[in-house]
Amino acid sequence: MFFSGDSSARKRVDLGGRSSKERDRQKLLEQTRLERNRRLWLRQQNSAAIKIQKCFRGRKVVEAEHSRVREQFFKTYGNLCQNVDRQCFGPDSVFLRQLLFFFNPQHLADFSALTETCRLIQQFSGENAGTLLSLFAGVDYSSMQAVVDFRVKKLTYACMQAVYQNRNQLKDQLFMTSDNFSTSIILLLETVAMLIDSRLPWSCKTVGYLLQRNTYTLFREIVLMGKLPLGWLFSTMDKEVLAQVIHCETSKEESVKTSSLTTSSLESALALMISHVGQGPCDCPNIDPRWSFSSQILTIPFLWKLFPYLKEVFATPWLSEHYIHQMALCVRNHANVLPNDISTEFPGYACLLGNLLETAGVAFSQPDCSFDMATDFAAVVTFLLEAVPPMQSSNNENKEDPILFDDEMSIDDEATERGLHRDLQQQISNAVDPRFVLQLTNILCREISLVNGPYKEGSHGKEVTAVGAACAFLHVTFNILPLERVMTVLAYRTELVPVLWNFMKGCHENQKWSSLSEQLAYLPGDAPGWLLPLSVFCPVYKHMLMIVDNEEFYEQEKPLSLKDIRCLIVILRQALWQLLWVNPVAPPTLTQSTTDVFTLRKHRLESIQHRVSLVASELLSQLQDWNNRRQFTPPSDFHADGVNEHFISQAMIENTRAYEILKHAPFLVPFTSRVKIFTVQLAAVRQRHGSHAMFARNRFRIRRDHILEDAFSQLSALSEEDLRGPIRVTFVNELGVEEAGIDGGGIFKDFMENITRAAFDVQYGLFKETADHLLYPNPGSGMIHEQHLQFFHFLGTVLAKAMFEGILVDIPFTTFLLSKLKQKYNYLNDLPSLDPELYRHLIFLKHYEGDISELELYFVIVNNEYGEQTEEELLPGGKNTRVTNENVITFIHLIANHRLNFQIRQQSSHFLRGFQQLIQKDWIDMFNEHELQLLISGSVDGFDVEDLRAHTNYGGGYHSEHYVIDMFWGVLKNFSRENQMKFLKFSTGCSRGPLLGFKYLEPLFCIQRAAGDASDEALDRLPTSATCMNLLKLPPYRSKQQLEQKLLYAINADAGFDLS
């Protein structure tokens, strides 16, 4: 064809490179696919319709057949089975076959017929197993076994269905006793109990049939319906109504007898069901744990208050061991088998826990209680306890334990938010009592090596299992329950501490920690093996150390030898360094919920690591206190090996890992390093407040003969901000004339030394001193000074100001007063520093072997202050409470608490408040009491002359090799310690040198030539000083004797600053 000129007829080109035929092919394939899917959907729709119709027609036919057979049944046997005789129950009769075929538990006539059938069975059998067997099987059971077994299974399950479907209408009958045969529920449940009697040959198959059809779920719903009103199933029920109902249920316990005459039919049926499992020979099929007795029945709140007889049955050793083992398997497989919670206040896991714990006492009191049973029980209880919110002890419990007394502590009356109902929480708390913990711990400890037994290569599996089970259970218990409930029992009535120590020591010496972690099921395999044992050992041993006296610890070496304690220090130090520095963990932030018990396991490791870091730090700190009282190991044993200059530099920066270690485990860092950090912190604060400014807005005019009164009035008027700033002092002598000299810091140092010497003098009445000349607040200070508490606040501020400015003051405090600065509680072992005689008497009482009541001691203490005697009760009613062998430990600790804490609580509190105006608690927490005394007063050994010489500058023509300088150092070195301290005060304004040596004296000590010429008149002058510059102005004396004479005269003249 020729071109016509019409451009519209041009061939279209696909820019994608595909031809039109290809496009048409793709379109055709898509259409074909859609058509195929449409035809498939139509076929499926037709098939589904046919199945629905088939099912509907089948059910309609079955219903019609049911109606026909039902009508025929009632015509033959009567509406109330009045035409039924004994022969109707035989294998050849159609009576049971027809009844079981059409039976519908929701059909009233069927229910009545089944009830009458049960009545007839009981009437014909008379509760005799042999008679019941012949009733159903005739003379030959073996030939008709299949038919008989099938009918009995169906009949038993029909009875359960009838009770379940009519539980709401007949809920008042559910807990009636078995002697009341007039009610339909009793007849049905008694028949169930008869048909599953273990003496009958079909009992195993019948019970297995019931288990396969989740009969425990039916039991659960029946019990819950009869136990409480239907509204209890919903969390919206009013809490007050709920509490009243539970109280009513609880009050029934005393009136319920456990004999068979008063046992309800429901309880009897349940008891037979649970006791069948585990008996041999038994071929019952294994059922899903979700529908087991443990999951469905044991999760009912307060089960044993409803069924006390069932509790006795369950507590039999072989039965409880079977069910607890099944639960332990679920725990190890991490399977969630618990039913839906009844309400938010009654979660299934907590109800299961409460019911299990109530049976523990019976099970563990049996002499033949097995180790496997104990480990399974510990595993289950540990798993469930992890989800329980922490519980607090009542106020009464706190008052009975003397160790909890603290004058600084107050109890918060506002109740914390809890997920569990109060009664359920009380059930759990009461069940985990000291007796239960003692029984379980002792059973588990049997398998652990004895204290004096040698460590064997390749620990036995049972030993590791016992350690893991005991430690996991106790670790969780410590997190949930108040420690005072169980600590004393674990410390003194079990061998837990020596046994655990022997185990840990063996693992440490033989390097078995890594293999141990793989065998402990509670934690992941890569967790350190020492983690779980330390989480339990540390708090229990720490509790023992609070009660152990000095003789037991140092002389008798109980409970651990000093050699073992040194090894323990190494283990704790390495563990802490691993947790805090090498592999640090953040504190767990998980908020426990009562509904996520099966999601808590992944947080275990973080939780236990954080816990061990705390308890190990507390125990190491306590061991360091014991070492400070009487050294049994070098202080360096407490220092971590990895502390270096990088660590120290990081520790000075807030929110760093090293800074956190310094806060929580300061003993890992050497004392000198901590002092450096403390000095840097103080210097930074002083710099911010301009402490080095020459001109200060706060100027004191102090009369030397009224130094305390003037300082109190002027210093107390300053705000906290002014206290941090510089203070300049001008002294006025006895003649009312201002002393010469401008305060550049030296006069203030002199002022601080004088004010502390005057205020802390025992003659002033605010402080007393012990036999070792150590100071502590005077309990009777209020009888001397009306404003004694204000003075204690002032003295706390004075001490803080001295530390703030780096001024060492010679004030030796008692250990228990320094503990108050750290806001710590004082215990019996601190008493020797106050009253060693009283301490000896109390220890005598502690170890007294006779009848202490014959000593006629009562819970009272007599205070004698300035001749005035007052009597105070240590406990309410203490005047009438005699000290006996049972309560003597409480008496001893109450006495110590009264003397160390209660008597001086007001004075200590005000002293602490004044101290904390300038010194932060975080700074003080870096040091223990012994180290804190060094911060305040420096070393009692004087100062090192050679150290001062190595860090001295010279001026005015002097140099280190000058003959006058050589004479000077020789004279100073030969001075007595007292004169050396006087010289240091004369030159620097402070009688103590810097804690870290004269390298840190600011500015460095300097000796300057005082006279321009060496004339007799110039050489007759005394040495002078500028304490603000740490400057000694020394004339060029010609002889050593002249220099010594002039220097001694100058430092002993006590002329203030007039010599300047």
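Here are two worked exercises on this predicted model, one on its cavities and one on a pair of helices.

**Exercise 1. The largest cavity**

Find out how many cavities of 30 Å³ or more the structure holds, and work out which residues line the largest cavity.

*Solution.*

Step 1. Start with the overview: rolling a probe the size of a water molecule over the atoms shows where empty space is left. Here the structure holds three cavities of 30 Å³ or more, and the volume of the largest cavity is about 50 Å³.

Step 2. Now list the lining. Around the largest cavity you will find Tyr659, Leu662, Lys663, Gln681, Asp922, Trp923 and Met926.

Step 3. Next, assign elements. Two or more lining residues come from each of α29 (657-664) and α39 (921-924). The largest share, three residues, belongs to α29.

Step 4. Finally, sort by class: the lining has four nonpolar, one polar and two charged residues.

**Exercise 2. Two helices that meet**

Describe how helix α22 (residues 496-509) and helix α26 (residues 562-582) cross, and name the residues through which α22 and α26 meet.

*Solution.*

Step 1. Two packed helices are described by the angle between their axes and the distance between the axes. For α22 and α26, the axes come within 11 Å and cross at roughly 70 degrees.

Step 2. Put the angle into words. Angles of 65 to 115 degrees count as roughly perpendicular, so α22 and α26 are roughly perpendicular to each other. Their crossing is left-handed.

Step 3. Look at the contact itself. From α22, Trp501, Lys505 and His508 meet Asp564, Cys567, Leu568, Ile571 and Gln574 of α26. By class, this contact has four nonpolar, two polar and two charged residues.

How values were computed
Residues are numbered from 1 along each chain as its sequence is written. This is a predicted model: local features need pLDDT of at least 70, side-chain atom pairs count only at pLDDT 80 or more; totals for chains, interfaces and linings use all residues. Side-chain values use heavy atoms; hydrogens and water are left out. On a 1 Å grid over the protein atoms alone, a cavity is a set of points where a 1.4 Å probe fits but cannot get out, and a pocket is an open set with protein on both sides within 12 Å along at least five of seven lines; lining residues have an atom within 4 Å of a point. Grid points are joined across faces, edges and corners, and a volume is the space filled by probe spheres set on the points. Helices (H or I, at least four residues) and strands (E, at least two) are DSSP runs, numbered from the N terminus. Ala, Val, Leu, Ile, Met, Phe, Trp, Tyr, Cys and Pro count as nonpolar, Asp, Glu, Lys and Arg as charged, and the others, Gly among them, as polar. Axes are lines fitted to C-alpha atoms, for helices over the stretch in contact, and angles run from 0 to 180 degrees between N-to-C directions. Angles under 35 degrees count as roughly parallel, over 145 as roughly antiparallel, 65 to 115 as roughly perpendicular and the rest as oblique. A crossing is left-handed if the near helix is turned anticlockwise from the far one by less than a right angle, and right-handed if clockwise. Contact means heavy atoms within 4.5 Å.
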